[in-house]
Structures are given as structure tokens and as C-alpha cells.
Protein chains: 2
Amino acid sequence: MTEVDVRRKILADNASAAESLRESFRASSTLVVNLISSPGSGKTTLLEATVRALKGRLRLGAIDGDIATERDADRLRRAGIPARQILTGGACHLDARQIASALESEGDRLAALDVLFIENVGNLICPTAYDLGEDFKVALLSVAEGDDKPFKYPGIFARAAITVVTKADLLPHVDFDIAAVCDQVASLNPSARFLVTSARTGEGMDTWIAHLEEALARKRAEAPVPAGARV
Amino acid sequence: MTEVDVRRKILADNASAAESLRESFRASSTLVVNLISSPGSGKTTLLEATVRALKGRLRLGAIDGDIATERDADRLRRAGIPARQILTGGACHLDARQIASALESEGDRLAALDVLFIENVGNLICPTAYDLGEDFKVALLSVAEGDDKPFKYPGIFARAAITVVTKADLLPHVDFDIAAVCDQVASLNPSARFLVTSARTGEGMDTWIAHLEEALARKRAEAPVPAGARV
């Protein structure tokens, strides 16, 4: 096999594992959100704020991918939701088989959720190609990273259903043209939603939560579970 | 070939191409610095400040790796140095053959430099494994990215001869424990140098420039070029 053959086979195997995941998430009407960004854009912090906003109303859980350390899953467990850490060793992304095996080891705990967040390895490039059975991808971009990123990393911004600009509280201290970033995202993906948030001040969190709730309602409407099967 | 065989072959081919590059950089006493960080940590901004500090004293040049756009090379050309953009398409890192071919297309322009900066694709993971014939790697970490990154991305911080903390001007506005980051880096790589910088205020730039000049002096002492061959 050539390098190209190997890559093609890896992605084909992944796609088939992702399809099985998607089917099982459809059966349980679990909304699955795949969060992708650079290291340090604030994925875990956004999820902590999301848990604060939705706890008691929805059953949330998370799978965290990292090269090393259980730190992110620890933070989310402290926030009060079940979280499973996948340590990839050196690997730069999560794949569908890792998700399937994490769900299996957790038994029913992650299967019976309303929303499962998959916090991918911090990397704006490699995770883009791997379908994890999610309903949609979310790209995060912190205002400290600069306003040229969508055009420099077009793959993820073209594929993400929502782009979330984070750390908006830093805007007075950095050069970041929100309108320019919004234009770049719109030209890569005309149907993408675009949010500006700060987990620190709470800016934009209502809109983020509303998007999640709408998406969950849509998913339930599309694949209703049998009466009595939901708590 | 299995996936593991393919990966082993790719790295072996890369190592041999990197060795040829290293030999030619030794012959010209060109110091080669491979800059690796997340997207938006400030690699190009650090290089712009470096050019301002060293222009007229040293012949500098750059090779910029990006998924898309010529933006970084354009910025460095505007700063006044020759810069060659490598567009990787989707690839998440530069490899030694791309560097060799960029040098070839530039003819003598990049070959006769005192210092060649290679600004790798914005990615804290994948570029780590690819030797580009450099003298050393530099890892950049912006204070906005959080102080848990060395332990979460140990590969690059273990291999980088210098870790440069950037955007120190944002310290009053973010949670970032410099001592904790310094300890993490020291435990991963006891001989690494650790700098705190701000391209905006100039903090730490003197030390960065001094490190580059020392490294260049060491390289020239190790492989002196024939008398008269240097301008």
C-alpha cells in the first residue's frame, strides 16, 4: 500500500465506525457536538460555562481527547458532569473507534445523555478530517489568536456548523477585527452560525445555549424515542 | 505495508533529507531555527520584531509553512527580509523535502543567510516529529493559551531548546502562572532556555536576540567558513 492508500483506508474505516456511532446516537436522541480548536482557545472553559447554564435541565457528558494529562476531564467532572479522558499518546486527533471504545468502557453512563460534548485534541487541522458520529462540529477561535485564522485554516471553518469566538473580554487589549473574521467564515461556509462569547463575562452564552437547545429539539423531532423511554 | 511501516518510512526518508539540509547549512554556517506553536501564538510577530532588532547586522530570511494564504511570508517581506511561503494544502507540518525544494526554488537568495527562520504550520503536535535540518526548535506559547500546555503537549516542550512565552502584555488580563509553566518546561527538558516576551512592549526581546547571536557564534566557531567567503 502507498501512503495515499493507507490514508484512504484509515478514513474509510473511520467513516464506517462513525456511521455506527451516529446510528446509536440517533436511537438515544443524544445530541453530539465535536469541539475543535487550537490548544488554549477555551474549549474546556466554554463547556464549564455550558454545564453551569444547563445543569439540572439536561443530562450532559463529555469525552476529552488529549496527548497527555487527565486535566480537562477532571475539570468537567468537578463541574459536575461525567467525563471520560482519552489519552492519544502522540496522536493529533480523536477517531471514531476511540469514541466507541470510550462509550463502551463507560457502560450506560454516557449512552443515556441528552448532549455529549467531544472535546477534541487541541489542533485546528488534523481533527477536521475525522467524523466522530457527531451532529455537528464547532470551531472555537480566541480573540488572542488573531483575525486571520479562518482563511489560514479553511478546512475546519468550512466544516463547522458554528464558529464560536472566545475570550471576547480580551478585545480591548488585542488587535482582532470581529467583522473581518465573520466575513471570512461566511465566505467559507455561508450557512455557519457565528457567535462572540466570553466565558468570563457571560457574553454570548445565552445564544450558545439557545443553539444547543434548538439542535437538541430538532434531533428529538427527527428521531423520536418510544414513549416512556426518556426520563 | 502497514500503517506503522508507512509512518516509519516517512520519518526515515525525512531524516535523510534533513541530514542533507543540515550538511549544507553547516557548510554555509547558516543558523536554522524551527519555530513551532499553536496557531496565533505569535510566531510571525516575534519574527517581525526580530527583523527590526537585527536588520543591517545579520542577513535574515524565512520559510513560512501554512495550510493556505501567503499572509505570513507577505508580512515578513514587508518587514524587509526574503521569505518563501510553502502552502501545504491540508498537511499539518513541514517536512525536510519541502524545505529543500523551497531553498532550491529561491536559488542563492536563502542559501547565503546568517539566520534562516522556519515558521512551521500552526500546530503544537505534528511538526514536532519532523527534523528540518535545523540547529534547534523553538516552542512558543502565548499567555492567553493557559498555563497547563507544556504537560498537555509534552513532545514539543521536551524537544525545544528554547520555550518563548509570548504576549506577556496580556498577563494582567488572563490567568497564567509563569512559574508553573517554567517548572513544567524544566521538568520536561532540564536544559531548555525559558523566555518571557512581548513583541508589543519589547519585554524579553534583548534576551531572545542574545540567544540567537550566541547560537550563531557557536555555529560559526564549530564550522568556520573559508576566509573571504563571508561578506
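In this predicted model, helix 4 of chain A sits across strand 2, strand 3 and strand 4 of chain A, and its direction makes an angle of about 135° with strand 3 of chain A. Helix 3 (residues 71-79) of chain A covers the same trio, strand 2 (60-66), strand 3 and strand 4, but runs at about 180° to strand 3 of chain A. Helix 4 (residues 96-105) of chain A also has a helical partner: its axis and that of helix 1 (residues 3-27) of chain A come within 8 Å, crossing at roughly 35°. On the helix 1 side, the contact is made by A:Asn14, A:Ala17, A:Ala18, A:Ser20 and A:Leu21, which meet A:Ala96, A:Arg97, A:Ile99 and A:Ala100 in helix 4 of chain A. Sorted by type, the residues of this helix 1 and helix 4 contact come out as 6 nonpolar, 2 polar and 1 charged.

The sheet under discussion is an open one with 7 strands in chain A, ordered 3-2-4-1-5-6-7 and paired in parallel. Strand 3 (83-87) and strand 7 of chain A are the edge strands; each has a single partner strand, so each is left with one side that has no neighbour in the sheet. On average, and ignoring direction, neighbouring strands in this sheet are turned by 20° against each other.

Two of the pairings are worth spelling out. Strand 1 (residues 31-36) of chain A and strand 4 (residues 115-119) of chain A are held in register by 5 bridges, again in the parallel sense, and here A:Leu35 stands opposite A:Glu119 of strand 4. Out towards the edge, strand 6 (residues 162-166) of chain A runs parallel to strand 7 (residues 193-196) of chain A, and 4 bridges join the two. In strand 7 of chain A, A:Leu195 is the residue that stands opposite A:Val164. As for general background, side chains in a regular strand alternate between the two faces of the sheet.

Strand 6 and strand 7 of chain A also belong to a right-handed β-α-β unit, with helix 7 (residues 178-188) of chain A as its helix. A:Asp175 is found in the loop that leads from strand 6 to helix 7 of chain A. This residue counts as exposed because there are 9 C-beta neighbours inside 10 Å. A:Asp175 is 77 residues away from A:Gln98 in sequence, and their C-alpha atoms are 38 Å apart in space.

Now for the backbone oddities. Most residues other than glycine have a negative phi. A:Thr69, which is not a glycine, has a positive phi of about 80°. The residue is in the loop between strand 2 and helix 3 of chain A, and its 16 C-beta neighbours inside 10 Å make it partly exposed. Chain B offers another case in B:Ser29, again not a glycine, whose phi is positive at about 50°. B:Ser29 belongs to the loop between helix 1 (3-27) and strand 1 (31-36) of chain B, and with 18 other C-beta atoms within 10 Å it is partly exposed. A positive phi, near 90°, also turns up at B:Gly56, which follows helix 2 of chain B.

Helix 2 (residues 43-54) of chain B itself passes a simple length check: at 1.5 Å a residue, its 12 residues should span 16 Å, and the C-alpha atoms at its ends are indeed 16 Å apart. Its buried residues are B:Lys43, B:Thr44, B:Thr45, B:Leu46, B:Leu47, B:Ala49, B:Thr50 and B:Val51.

Elsewhere in chain B, B:Ala160 occupies the loop between helix 6 (154-159) and strand 6 (162-166). Despite the loop setting, B:Ala160 is buried, because 27 C-beta neighbours fall inside 10 Å and the cut-off is 20 or more. Leaving aside residues up to four places away in sequence, B:Ala160 touches B:Ile36, B:Lys137, B:Val138, B:Ala139 and B:Ala192. B:Asn34 is 126 residues away along the chain, yet its C-alpha atom is separated from that of B:Ala160 by 9.1 Å.

Finally, the two chains meet through 33 residues from chain A and 33 residues from chain B. On the chain A side, helix 1, helix 5 (149-152) and helix 6 (154-159) each supply at least two of the residues that touch chain B. That side of chain A divides into 15 nonpolar, 10 polar and 8 charged residues.

Key
Residues are numbered from 1 along each chain as its sequence is written. Chains are lettered from A and ligands numbered from 1 in the order in which they are written. This is a predicted model: local features need pLDDT of at least 70, side-chain atom pairs count only at pLDDT 80 or more; totals for chains, interfaces and linings use all residues. Two strands pair if DSSP finds at least two bridges between them. A crossover is right-handed if, with the strands pointing away from the viewer, the path from the first strand over the helix to the second runs clockwise. Axes are lines fitted to C-alpha atoms, for helices over the stretch in contact, and angles run from 0 to 180 degrees between N-to-C directions. Two residues are in contact if their C-beta atoms, placed from the backbone, lie within 7 Å. Ala, Val, Leu, Ile, Met, Phe, Trp, Tyr, Cys and Pro count as nonpolar, Asp, Glu, Lys and Arg as charged, and the others, Gly among them, as polar. The expected span of a helix is 1.5 Å times one less than its number of residues. A residue is buried if 20 or more other C-beta atoms lie within 10 Å of its own, exposed if 12 or fewer, and partly exposed in between; C-beta atoms are placed from the backbone.
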